[in-house]
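Here is a short briefing on one protein model. Please keep the sequence and the structure in view while you read the points below.

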Amino acid sequence: MVAWWRRRARRGPGGADDAPARGTGRDAALDEQIRAAYEEGAPIPEELAAKAACAGDVRAMTVYGIGLGNRGAVKEAEEWLRRARVAGDKAAAIALGTLYMNRGEFAAAERYFRPVAETGHIGARQALAELRALREAAARSAPPPRPAQVPPPAEPASGSVPPAASPAEWAARQLLLHPADDRHPHVLMAMAVLKAEAGDVASARAYVAGALATGDPEVLFWVSQMHVDRDGIRGAREHIRRAADAGHATSQHTMGVLLTEDGDTALAEHYYRLAADAGHTDSYVNLGVLLRGRGDLDGAETYYRRAIEAGDTGGMNNLGNLLRQRGDLAGAEQWWRRAADAGEPDALVSYGAVLAERGDWAAAEPLWRRAAEAGHAAARLNLVGALARTGRMEEAERWLRSVDTDAPLPSGSQGAPPPGGADDDGRPAGPDLAAVADWLSGPARAGDADARAALDLLHGEPGDD
């Protein structure tokens, strides 16, 4: 059994300084085999890796998970790799990110790579660079519309081949991957691409029909994306549903989103659960939101925590909201702080509010400013309050005026012109300082001394400089 993923074949990226915990109660020979597999990529029998993983050796969990993935047991591999990642193993995080990157789920891959890369880890930084290159290559390979109306399919989600430089190259690779199977659905799609390239419209359409007749999930997904490009996502809905019903996880998630927007939450839940069972991270979060809205807090918490294990910062923020709803303010603060540290805008607002409630407005303001600069409306309002409390009324007014626009103010925007420009007489457009005063009047009436002082300053009452 090969110990490492294809992209990490030479050495385990953990290294001696950040090697995870070993298990206990095993002989030295097995420990040495696990070490060699983890640090050097040396082969190890699967049953030994499984034994050490079950005994609690985090390194073995990573090695075992990677081995499972190499032989195609992806779901079980993800479970072991997530356990190792939660235990602090950076190598497991990189392996999980590589798994997602190899099947084309680039956003999910980045959620695993980036936190490790931000610690200075060389392997994770290299993985981010590789991910960036793959994204750029995928963008370059986006084909123009074809006269035959048979644009080449996107790269397979399984990531079985790297992105192609052209539709013809993609087709050639499919033919090489399946040299002895001219009825394979991916070969049929490849032939459709080549026929379209040659201008043989009738043959191209016949090959597409043959590929579709196989019911292959990837083919159905590719065809659905053709219709999305041509007709928009709702116009392609029936094609997306066919791919979802055939087992394509991304299509299942998309159907969940569409059905949620339509108000059919029961059927949306069905598709979200299918996608979640396949490891689709965004479905963890969306399913959690759906269950929480239904009052199933335990179910929502389960999926939020799965999202967190997969590296989703939105899951951290949502779990914080759920814990607050339960009255666990300390737990909510913990998760808001972690999500805020990762730059999640909603969490920046929530954690800032926690700090402000403690009277630490100086610490809350930069959090709100980060979220405000990213376009978060509630953060802009909170920032208005923080600025007004210390008499920075000109900047407060500008931020308040920006709440009605989607354009974020640039970093360091104090003194920047208002987004709405100016009226003909030169006065700034939008609400004046009376709007700021109105916003402050609520907490002032509630007895907030700082808000009262800010109002006095705004009104220019004697004694306030």
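V223 sits in helix α11. The model is a predicted one, and V223 is a useful place to start reading it. At 4% relative accessibility, V223 is classed as buried, because buried means under 20% relative accessible area.

**Around V223**

- Apart from neighbours within four places in sequence, V223 is in contact with M189, L212 and H239.
- V223 and H239 are 16 residues apart along the chain, and 7.3 Å separates their C-alpha atoms.
- V223 and H239 also share a role as lining residues of the largest cavity.

**The largest cavity**

- How many cavities of 30 Å³ or more does a search of the whole structure find? The search finds one.
- The largest cavity holds about 40 Å³ of space.
- Its lining is made up of L212, L220, V223, S224, H239 and R242.
- Sorted by class, the lining has three nonpolar residues, two polar residues and one charged residue.
- Helices α11 and α12 each give at least two residues to this lining.
- The largest share, three residues, is supplied by α11.
- Rolling a probe the size of a water molecule over the atoms shows where empty space is left.

**Helix α12**

- Which residues of helix α12 (residues 237-245) are buried? They are I240, A243 and A244.
- These buried residues span an arc of only 100 degrees around the axis, so they lie on the same side of α12.
- An α-helix has 3.6 residues a turn, so residues three or four places apart point the same way.
- The cover over the buried residues of α12 includes α11 (217-235), α13 (249-262) and α14 (265-277).
- Just after α12, G247 adopts a positive phi of about 110 degrees.

**Helix α22**

- Helix α22 (residues 393-402) is mostly covered, with nine of its ten residues buried.
- The buried residues of α22 include the nonpolar M393, A396, W399 and L400.
- Charged residues are buried in α22 as well, among them E395, E397, R398 and R401.

**Helix α4 and R82**

- R82 belongs to helix α4 (residues 74-86).
- Is R82 buried or exposed? R82 counts as buried, because its relative accessibility is 9%.
- Leaving out residues up to four places away in sequence, R82 touches L96, Y100, Y112, G279, Y284, E309 and A310.
- R82 and T62 are 20 residues apart in sequence, and their C-alpha atoms lie 8.7 Å apart in space.

**Helix α7 and G123**

- G123 is part of helix α7 (residues 122-140).
- With a relative accessible area of 13%, G123 is buried.
- The C-alpha atoms of G123 and K90 are 9.4 Å apart, and the two residues are separated by 33 residues along the chain.

**The whole chain**

- The protein chain has 24 helices and zero strands.
- Of the 465 residues in the protein chain, 48% are buried.
- Among contacts in the protein chain with a separation of 6 or more, 49% join residues 24 or more positions apart.
- The accessible surface of the protein chain is about 21500 Å², and carbon and sulfur atoms account for 52% of this surface.

Technical notes
Residues are numbered from 1 along each chain as its sequence is written. This is a predicted model: local features need pLDDT of at least 70, side-chain atom pairs count only at pLDDT 80 or more; totals for chains, interfaces and linings use all residues. Side-chain values use heavy atoms; hydrogens and water are left out. Buried means under 20% relative accessible area, exposed over 50%, partly exposed in between (1.4 Å probe, protein chains only). Helices (H or I, at least four residues) and strands (E, at least two) are DSSP runs, numbered from the N terminus. The arc is that of the directions from the helix axis to the C-beta atoms. Contact means heavy atoms within 4.5 Å. Accessible areas come from the Shrake-Rupley method with a 1.4 Å probe; for residues, only the protein chains shown count as cover. On a 1 Å grid over the protein atoms alone, a cavity is a set of points where a 1.4 Å probe fits but cannot get out, and a pocket is an open set with protein on both sides within 12 Å along at least five of seven lines; lining residues have an atom within 4 Å of a point. Grid points are joined across faces, edges and corners, and a volume is the space filled by probe spheres set on the points.
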